[in-house]
Amino acid sequence: MEIRELQSSMARLYVERDRARGRDATFRWLTEEVGELAKAMRTGDRANLEHEFGDVLAWLASLANLEGIDLETAVARYAATCPRCSDAPCDCPFP
Ligand SMILES: [Zn+2]
């Protein structure tokens, strides 16, 4: 599945609910899912880890739909090289 496909699917499945919930509440859901991903990383349960990655990406797509942001366009700057140093792999100094 392409990123744009995922975002379209999320819109088809959930955009009315997402609009009713609103962007602030949707953002809170996203952050809760990021927290669940953090917990999954500690457990070593690969199936749960995969599940939580999926939830984070899905909620990010829902939020992008509410904000009118096309994720595929938004992430395009990472498609070939590092957007900061223009190298692949990145050669930016560690902070
Ligand atoms: Zn870089």
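**Note on the predicted model: zinc site, salt bridges and helix contacts**

1. D55 has a relative accessibility of 21% and therefore counts as partly exposed. The cut-off matters here, because buried means under 20% relative accessible area. D55 belongs to helix α3. Its C-alpha lies 13 Å from that of R28, and 27 residues separate D55 and R28 in sequence. Please keep in mind that this is a predicted model.

2. Which residues hold the zinc ion? The protein donors are C82, C85, C90 and C92, each through its SG atom. The donors lie 2.2 to 2.4 Å from the ion. Along the chain, the donor residues follow the spacing C-x2-C-x4-C-x1-C.

3. Why is the arrangement around the zinc ion called tetrahedral? The 4 donor atoms subtend angles of 101 to 120°. Four donors count as tetrahedral if all angles lie between 85 and 135 degrees. The site therefore meets the description.

4. Two of the zinc donors can be set side by side for accessibility. C82 is buried, because its relative accessibility is 15%. C90 has a relative accessible area of 47% and so is partly exposed. Both cysteines are among the protein donors of the ion.

5. How many salt bridges does a search of the whole structure find? The count is 5. Points 6 to 8 take up individual pairs.

6. E72 and R4 make a salt bridge, with 3.6 Å between the closest N and O atoms. E72 sits in helix α4 (residues 71–75) and R4 in helix α1 (residues 3–21), so this pair ties together parts 68 residues apart in sequence. Both partners are partly exposed: E72 has 24% relative accessibility, and R4 has a relative accessible area of 39%. The pair is part of something wider, as R4, D70 and E72 are linked in a network of salt bridges.

7. R21 and D18 form a salt bridge in which the closest N and O atoms are 2.7 Å apart. This one stays within an element. Both residues lie in helix α1, 3 residues apart, or about one turn of the helix. Is D18 buried or exposed? D18 is buried, because its relative accessible area is 2%. R21, at 27% relative accessibility, counts as partly exposed.

8. R23 and E67 also meet through their side chains in a salt bridge, at 3.0 Å from N to O. The pair links distant parts of the chain, 44 residues apart: R23 is in helix α2 (residues 23–43) and E67 in helix α3 (residues 46–67). R23 is partly exposed at 46% relative accessibility. E67 is partly exposed too, with a relative accessible area of 39%.

9. Which residues make up the 1 aromatic pair counted? W29 and W59 form it, and the pair is stacked. The ring centres are 5.1 Å apart, with 5° between the planes. W29 lies in helix α2 and W59 in helix α3, so the contact ties together parts 30 residues apart in sequence. W59 counts as buried, because its relative accessibility is 17%. W29, at 38%, counts as partly exposed.

10. Helices α2 and α3 therefore deserve a look as a pair. The tryptophans W29 and W59 connect them, so parts of the chain 30 residues apart are tied together. The R23 and E67 salt bridge links these helices as well.

11. Where is the nonpolar patch made of I3, V75 and Y78? It is on the surface, and its residues have about 270 Å² of accessible area together. I3 comes from helix α1. At 38% relative accessibility, I3 counts as partly exposed.

12. One more contact in space concerns helix α1, where S8 is found. S8 and D70 are 62 residues apart in sequence, yet their C-alpha atoms are 9.6 Å apart. S8 is partly exposed, because its relative accessibility is 46%. D70 has already come up, as a member of the salt-bridge network with R4 and E72.

Note on methods. Residues are numbered from 1 along each chain as its sequence is written. This is a predicted model: local features need pLDDT of at least 70, side-chain atom pairs count only at pLDDT 80 or more; totals for chains, interfaces and linings use all residues. Side-chain values use heavy atoms; hydrogens and water are left out. Donors are N, O and S atoms within 2.8 Å of the metal (3.2 Å for Na, K and Ca); water is not among the atoms, so sites may look incomplete. Four donors count as tetrahedral if all angles lie between 85 and 135 degrees; four count as square planar and six as octahedral if opposite donors are over 155 degrees apart and all others between 65 and 115; anything else is irregular. Buried means under 20% relative accessible area, exposed over 50%, partly exposed in between (1.4 Å probe, protein chains only). A salt bridge is a side-chain nitrogen of Lys or Arg within 4 Å of a carboxyl oxygen of Asp or Glu. Helices (H or I, at least four residues) and strands (E, at least two) are DSSP runs, numbered from the N terminus. Rings of Phe, Tyr and Trp (its six-membered ring) pair if their centres lie within 6.5 Å; planes under 30 degrees apart count as stacked, over 60 as edge-to-face and the rest as tilted. Patches are made of residues with over 30% relative accessible area and no salt bridge: like charges are joined within 9 Å, nonpolar side chains (Val, Leu, Ile, Met, Phe, Trp, Tyr) within 5 Å. Accessible areas come from the Shrake-Rupley method with a 1.4 Å probe; for residues, only the protein chains shown count as cover.
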